[in-house]
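Visitor: Mind walking me through the charged pairs in this one? Let's get it up on screen.

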Amino acid sequence: MTDAVADEPAEAGAVAVYKRIFKEVLDKRPSGMRLRLAHAMGKNRSFVSQISNPAYPVPIPVQHLNTIFDVCHFPPQAKAAFLRAYARAHPRRISRLTEGPHERTLTLHLPDLGSGKRNAQLDGLLQEFARRLIAIMQEKE
């Protein structure tokens with residue numbers, strides 16, 4: 001048995017620990033929080049359900065942590081416990097929280113266009129516009 005296979009159950013257990021903390025915070029938030037979080041991360045609601053379910057061993061990508069903390073308004077104690085558990089599960093990833101550019105969330109209030117399809121098109125257009133604009137602003141000449 002390789003070390004990676006031997007460590008798999010231990011890592012899955014460590015992932016479940018921080019996911020339980022995340023799920024507890026989410027469960028205390030108003031309905032619609034998973035959808036708001038999904039929009040802030042540019043993902044589907046099912047992605048949020050998967051990364052917040054301790055039964056799934058899929059880790060939470062480090063690049064989404066600050067967005068999760070901001071959108072879900074993690075209480076300081078819960079955030080500290082989460083970060084300790086995350087660091088135990090992923091010791092090499094946690095340093096990336098303090099490296100590189102950080103993201104922030106901006107909420108826009110838009111009119112309801114009367115159609116789920118049209119609303120989704122507008123949302124996608126604005127998200128793509130923001131991604132492209134940021135890429136242009138970050139380009140080095």
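Visitor: Is R131 buried, partly exposed or exposed?

Guide: Quick note before that: this is a predicted model, where local features need pLDDT of at least 70, side-chain atom pairs count only at pLDDT 80 or more, and totals for chains, interfaces and linings use all residues. Residues are numbered from 1 along each chain as its sequence is written, and side-chain values use heavy atoms, with hydrogens and water left out. Buried means under 20% relative accessible area, exposed over 50%, and partly exposed in between (1.4 Å probe, protein chains only). R131 has 47% relative accessibility, so R131 is partly exposed.

Visitor: Which residue forms a salt bridge with R131?

Guide: A salt bridge here is a side-chain nitrogen of Lys or Arg within 4 Å of a carboxyl oxygen of Asp or Glu. Helices (H or I, at least four residues) and strands (E, at least two) are DSSP runs, numbered from the N terminus. R131 and its partner both sit in helix α6 (residues 116-138), three residues apart, about one turn. With the closest N and O atoms 3.5 Å apart, that partner is E128.

Visitor: And how far apart are the closest N and O atoms of E128 and R132?

Guide: E128 and R132 are four residues apart in helix α6, so about one helical turn separates them. E128 is partly exposed at 30%, while R132 is exposed at 55%. Their salt bridge has its closest N and O atoms at 2.8 Å.

Visitor: Which residues are linked with D27 in a network of salt bridges?

Guide: D27 is partly exposed, at 45% relative accessibility. Its side chain meets that of R34 at 3.3 Å, N to O. The network links D27 with K23 and R34.
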